Protein chains: 2
Amino acid sequence: MKNRRITLKDLAKDLNLSASTISRALDNHPAISESTKKLVKKKAEKLGFIPNSIASSFRTNKTKSIGIIVPRIDIHFHSLVISGIEDYAYKNEYNVTIFQSKDCLKREKEIVKILQNRMVDGVIACLSIETKKCDHFKKFEKLGVPLVFYDRVPTDFDANKIIINDFESAFTATEHLIASGCKRIGHIAGSQKTNIFKARLEGFKAALVKHNLPIQEDFILHTKNLGYEEGVTCANRFLELPELPDGIFCANDYTAVSLIQVFRKADIKIPQQVAIVGFSNYPISKIIEPHLTTINDCAFQMGESSAKLLIRQIEDKDDSVNSETITIRTELIVRESTKRA
Amino acid sequence: MKNRRITLKDLAKDLNLSASTISRALDNHPAISESTKKLVKKKAEKLGFIPNSIASSFRTNKTKSIGIIVPRIDIHFHSLVISGIEDYAYKNEYNVTIFQSKDCLKREKEIVKILQNRMVDGVIACLSIETKKCDHFKKFEKLGVPLVFYDRVPTDFDANKIIINDFESAFTATEHLIASGCKRIGHIAGSQKTNIFKARLEGFKAALVKHNLPIQEDFILHTKNLGYEEGVTCANRFLELPELPDGIFCANDYTAVSLIQVFRKADIKIPQQVAIVGFSNYPISKIIEPHLTTINDCAFQMGESSAKLLIRQIEDKDDSVNSETITIRTELIVRESTKRA
DNA sequence: ATTAGAGATGCAAACGTTTGCATAAAAAAT
DNA sequence: ATTTTTTATGCAAACGTTTGCATCTCTAAT
């Protein structure tokens, strides 16, 4: 029952025109008369002609599609970024093909190899956690395939990057605690092997320094993955201290939520005794009680910007060398977890 | 600086062989001698040959890629499904191209049109909330493109479907409340225009009937989108009743979480006074306190199954007509919100 | 020594579209 | 009436791979 597909040639034969005329007519080429265009389009509609985009890609060397490499799709941050990418791409008639590196360098390299074979006009990637050197990405440049990194970006090599200012955001978050009257401020830090979390710790410290507050090393707790359970551990470590901090800036929302829950059970009032700030504006931040003050990392917008930059570079005729870094402006969202008196 | 890509012909010229031999050698065709294969592969590696997959697709009419249509990528359920699809597809050397319908029928139709043009070997879709009739999907069958629906599936047309048994799951959840000693059981229902939520309501009622418990209509609250805020409204409506239910089965986790929070503020003990069961096993269900008993809808597995079924149909030579419905087994996850005495 | 068969490679066409160039027909300028 | 310009269409090649069939060489069987 699978009827053979209609091709340009079929239309051509049917209308006693050449395939080139059909092609141009459907493409609104100015050299084709209006009457012919109308005729061709009507016939195409009637016969149910669907252009073979693979043949077109083959001929033109353009696929109108972009490849995305993310650690995992089901992490909310990345799903938001992808959503932003898809949205912008769709408006510009690109489609997106997605790969998960699973935070595994080996798999990332495999994917990079797969993507070399002309399947995509450009690539957007967030590095796997294991990735330290980015040599495998360099092939794209040689092949003339534009490449944009977001969030976890390479440091060892010049590239297009879409990032947020982690240092500044952490600085703002910490200053907010200070402005709320906190004097003894702690931090739950992510892996210092990841630049992002390093920057957040540094921003935190810089704010303390600026306001002449002491940096107390036992108020700075380190974690591996900023997981929910690690947050519980941190909370208990805080509770064992001779004196609790009166404000804590967490490098993500999960650990912040853990703090809130453990502290509440220990009958510690939030924000009166301890004010808490998270990072990322996960959905849970506006559900947990008290609602969590946090930094909106603008993931969707990050996706949009990545797609925008990439598509601009794909379509840019003049092949000027270019590697831009765009920093997305984050915002502090103040909620109950820091609203004191 | 963009060096021209190496093609089969380049390799052929370089080795004084024909392009066909090169092609077959790289493909491990049995007719090619081992020595030649070794030679060719070595040369290919050395010159950095990357096969042009577009040309290959063009020739063979196979793209080794599958299209996915989801309402939104950033809904956790869908991101999990996509993750499952990508995982299975990757193992089988397929890649996935994603489109968001944004729950908009018009956009869904546009996407369907885009996907007709030979870009994909098969399609996996979850219907937009607006979609009532699925005629626009029928073209795929005519074109010989396999199609699998998941979660929100068409009822007006025979197709491959991956679903969970919503009726049975709701039944199980309700029976669990009954087994926990609840006698006056309520329900927060989703839009009855959506089959899924209709089935959950029916499963709920069936369990009551089976155990000779009364179906009290003022214990059944209806919502539009099962949103968090709607959950709050429902919670307050329950509180206004002359007598509270002693167990509530919610058609999703968001509304269940709202119940927990509002009830807690009203000093109602969960699960002692009211036991609560959700649906979907969202991440928040194991964070909210008390942790929420819920139905694990096995989203990742749903994705895997969809991909598995689709790829089987793509690669099935014998063109036997086929429309399978696979029901994924859900599981009840019991947590504190129903653990009474 | 001849033939049959296996083994290895090459030839050439095909997939459907796009595009530079040529050409035909019609209109405008001489 | 002839030449020039404009307008509309067609020709044919090209993109890189795959694949049925033909060809060639060499070994094995007669």
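This report walks through a predicted model with chains A and B, from the way the copies pair to some local backbone details.

**How the two copies sit together**

Let's start with the pairing. Chain B superposes on chain A after a rotation of 180° with 0.0 Å of shift along the axis, and the RMSD is 0.0 Å. That is the relation of a two-fold axis. If you want to find this axis on your screen, look for Thr97(B): of the residues of chain B, its C-alpha comes closest to the rotation axis, at 2.1 Å. The interface follows the symmetry too: 100% of the interface residues of chain B are also interface residues in chain A, so the copies meet through the same surface.

**A cavity lined by both chains**

Rolling a probe the size of a water molecule over the atoms shows where empty space is left. Here, a search of the whole structure turns up one cavity of 30 Å³ or more, and the volume of the largest cavity is about 40 Å³. Which residues line the largest cavity? Chain A provides Asn52(A) and Ile54(A), while chain B provides Ser57(B), Phe58(B), Asn61(B), Lys62(B), Thr63(B) and Arg118(B). Sorted by class, this lining has two nonpolar, four polar and two charged residues.

**Helix H2 of chain B**

Helix H2 of chain B spans residues 19-26, and its buried residues are Thr21(B), Ile22(B) and Ala25(B). These residues cover an arc of only 100° around the axis, which puts them on the same side of H2(B). What lies over them? The cover of the buried residues of H2(B) includes helix H1 (8-15) and helix H3 (34-47) of chain B. Just after H2(B) comes Asn28(B), with a positive phi of about 60°.

**Backbone angles worth a look in chain A**

Most residues other than glycine have a negative phi, and most peptide bonds are trans. With that in mind, here are some places in chain A to look up.

| Site | Feature | Angle |
|---|---|---|
| Ile270(A) to Pro271(A) | cis peptide bond | omega near 5° |
| Glu289(A) to Pro290(A) | cis peptide bond | omega about 0° |
| Asn16(A) | positive phi | phi near 60° |
| Arg118(A) | positive phi | phi about 80° |

Pro271(A) is in the loop between helix H11 (253-265) and strand S9 (275-277) of chain A. Pro290(A) belongs to the loop that runs between S9 and strand S10 (294-296) of chain A.

Now for the two positive phi values. Asn16(A) sits in the loop between helix H1 (8-15) and helix H2 (19-26) of chain A, and Arg118(A) in the loop between helix H6 (105-115) and strand S3 (122-125) of chain A. Are these residues buried or exposed? Asn16(A) is exposed, with a relative accessible area of 73%, whereas Arg118(A) is buried, at 18%.

**Asn92(A) and its contacts**

One more loop residue to visit is Asn92(A), placed between helix H5 (76-91) and strand S2 (95-100) of chain A. Asn92(A) is partly exposed, with a relative accessible area of 28%. Leaving aside residues up to four places away in sequence, Asn92(A) touches Lys64(A) and Ile311(A). The C-alpha atoms of Asn92(A) and Ala307(A) are separated by 9.7 Å, although these residues are 215 residues apart along the chain.

Key:
Residues numbered from 1 in each chain as written. Chains lettered and ligands numbered in written order. Predicted model: local features only at pLDDT ≥ 70, side-chain atom pairs only at ≥ 80, totals over all residues. Heavy atoms only, no water. 1 Å grid on protein atoms, 1.4 Å probe; cavity = no way out; pocket = protein on both sides within 12 Å on 5 of 7 lines; lining within 4 Å. Points joined across faces, edges and corners; volume = space filled by probe spheres on them. Nonpolar A, V, L, I, M, F, W, Y, C, P; charged D, E, K, R; others polar. Buried < 20%, exposed > 50% of the residue type's maximum accessible area, 1.4 Å probe, protein only. Helix = DSSP H or I, 4+ residues; strand = E, 2+ residues; numbered from the N terminus. Arc of directions from axis to C-beta. Contact = heavy atoms within 4.5 Å. Least-squares fit on C-alpha atoms with pLDDT ≥ 70 in both.
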